[in-house]
Amino acid sequence: MRASNYLLATIKETPADAEVISHRLMLRAGLIRKLASGLYTWLPLGLRVLQKVTAIVRDEMNASGAMEVSMPVVQPAELWQESARWSTMGPELARFKDRHDRDFCLGPTHEEVITDLVRNEFSSYKQLPANLYQIQTKFRDERRPRFGVMRAREFIMKDAYSFHIDDASLQQTYEQMHACYCRIFDRLGLDYRAVIADSGNIGGSTSHEFHVLADSGEDQIVFSSESDYAANIELAAASLPAPDESAEIKAASEVDTGTCATIEEVAKELEQPSATIIKTLLVHAADDEGKPSDEMIALVLRGDQQLNETKASKLPGVATPIRFAGEDTIETLLGCTPGCLGPVKLPLKVYADHSAVVLRNFVCGANKQGFHLRNANWSDDCHYDEAVDIRTVQEGDPSPDGRGVLALKRGIEVGHIFQLGRKYSEALGASVLDENGRAVTMTMGCYGIGVTRIVAACIEQNHDPRGIIWPNNIAPFQLVIVQIDGHKSEQVREFSESIYAALQADGCEVLLDDRDKKTSPGVKFAESELLGIPHRLVISARGLADGSVEYTARRDGQKQSLPAEQALEFLAKTL
């Protein structure tokens with residue numbers, strides 16, 4: 001490709017709304033252009049990268065035995081009504097009516113469509129297991145699109161769906177897809193972690209997220225320093241060393257804590273560490289439909305720990321999403337403000353975190369305005385109903401598998417796999433006949449990869465102050481040939497053209513920067529580094545006069561002078 005005939009839409013200034021490095025560099029390097037909030041046009045250079053990522057994903061999916069299909073972006077409301085998601089999905093589901101006043105939506109995901117396809121095409125257990133996938137545009141009406149293509153409203157996703165006669169078959173395919181994803185991210189050259197995750201509103205039981213480690217990541221992931229344990233912080237199992245059980249049980253006494261309303265204030269007033277204080281939170285219980293009711297449930301934690309709302313929302317009886325009791329509700333119910341709450345003769349269901357139930361001689365609210373209980377201990381008066389894990393893990397906590405300690409890092413979610421079970425197949429009546437001729441509802445798996453997000457995540461891990469540093473296998477071009485003053489030197493033009501033609505004939509992807517005197521050498525060098533092309537060859541009249549050309553590797557920036565007659569051989573081996 002010749003730069004003189006190619007859209008190199010680089011810019012010097014970064015738009016003010018570009019918050020993360022990948023967004024800034026994708027705009028500056030001319031990979032994308034914003035059309036509207038969360039909507040981007042992919043320019044030629046960016047599209048080459050996107051297509052290479054897509055090719056790797058497709059290659060590994062095909063190798064795993066999955067079959068590619070293509071489903072419509074526009075989906076009829078009837079399917080979503082069958083699964084009940086038409087009413088439960090929030091405003092991120094973009095809905096509209098056609099000219100015949102029929103309801104449709106733009107697909108944010110395709111569980112309903114694929115299940116409808118399979119229930120009409122599959123009839124026997126002999127056709128299973130089956131794994132169908134597509135690489136296609138999705139639309140989610142994000143409330144706050146940001147970070148460029150990292151959280152856009154329109155994006156490209158690889159979504160696969162597997163169908164099985166039983167859970168054992170699902171588990172086998174799930175493990176195959178986990179391995180397939182690892183191969184994909186390995187080939188992309190990404191530093192990633194596969195972590196235990198929450199299934200969210202997709203449903204199902206077991207799920208894993210694949211995170212690219214990056215400071216700009218929206219998610220926190222947790223992993224052990226000495227084992228393979230890894231989890232999203234929402235689901236990371238929490239364990240803390242038990243305190244000394246030989247401590248003497250002391251007599252409890254009420255203490256006046258005045259206007260102290262926070263753990264920090266109580267700790268300072270009583271000169272006690274926050275780890276010996278208990279905090280009590282009230283949340284709404286769920287009614288018969290799962291919505292918040294007027295009943296309350298108490299959640300108890302150690303004072304130096306934070307509630308994990310994802311864990312707490314899974315407790316029996318707790319309304320989802322978590323809704324905390326207001327101050328007026330607490331005063332009406334217990335006659336005190338939230339700062340004086342405690343598990344003392346509390347007429348509510350009480351869930352206590354494991355870190356709290358092992359405490360002795362702790363401090364807690366007395367459920368009496370302005371008072372706390374010192375040297376409280378678990379008894380009939382100060383009680384809990386069930387010990388649970390509801391705290392958020394912290395850096396340095398013991399790993400739940402007993403090996404090493406936990407580290408916390410930011411991650412960009414680029415893939416998610418689920419064991420869906422029968423949530424959608426039951427709702428849509430997707431069944432096959434088993435070997436005995438009985439109808440069996442199929443069990444399902446779901447496997448997604450954010451293809452456009454991978455491009456941004458790769459940049460987050462591969463850049464320096466000068467620009468992008470692409471891994472070789474997804475770079476838009478493998479080599480850029482920078483021609484210096486080619487308009488003045490026929491020798492420079494001819495030598496550049498000979499290298500360019502020979503490498504192209506060999507199947508190498510080469511960008512020949514043949515732009516004329518209007519583009520200075522400094523601009524060409526700066527743009528080649530901004531674009532992140534892995535290899536650069538500089539051809540100048542001065543160099544050729546000495547019989548040499550200059551080669552630079554983008555990743556380490558090391559320059560070396562090559563004999564001109566050996567340049568082609570060197571590049572053929574290097575590329």
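The following exchange concerns the cavities and the overall build of a predicted model.

Modeller: In this predicted model, local features need pLDDT of at least 70 and side-chain atom pairs count only at pLDDT 80 or more, while totals for chains, interfaces and linings use all residues. Residues are numbered from 1 along each chain as its sequence is written, and side-chain values use heavy atoms, with hydrogens and water left out.

Colleague: What makes a space in this structure a cavity, and how many of 30 Å³ or more are there?

Modeller: A cavity is a set of points, on a 1 Å grid over the protein atoms alone, where a 1.4 Å probe fits but cannot get out. The structure holds two of 30 Å³ or more. The largest has a volume of about 50 Å³, volume being the space filled by probe spheres set on the points, which are joined across faces, edges and corners.

Colleague: Why is Asp-516 called a lining residue of the largest cavity?

Modeller: Lining residues have an atom within 4 Å of a point. Asp-516 is listed in that lining, therefore Asp-516 has such an atom. Gln-483, His-487 and Lys-524 are among the others.

Colleague: How are the residues of this lining divided by class?

Modeller: There are two nonpolar, four polar and five charged residues. Asp, Glu, Lys and Arg count as charged, so Asp-516 and Lys-524 are among the charged residues.

Colleague: Which element gives the largest share of the lining of the second largest cavity?

Modeller: That cavity has a volume of about 40 Å³, and H14 supplies the largest share of its lining, four residues. Helices are DSSP runs (H or I, at least four residues), numbered from the N terminus.

Key. 1 Å grid on protein atoms, 1.4 Å probe; cavity = no way out; pocket = protein on both sides within 12 Å on 5 of 7 lines; lining within 4 Å. Helix = DSSP H or I, 4+ residues; strand = E, 2+ residues; numbered from the N terminus.
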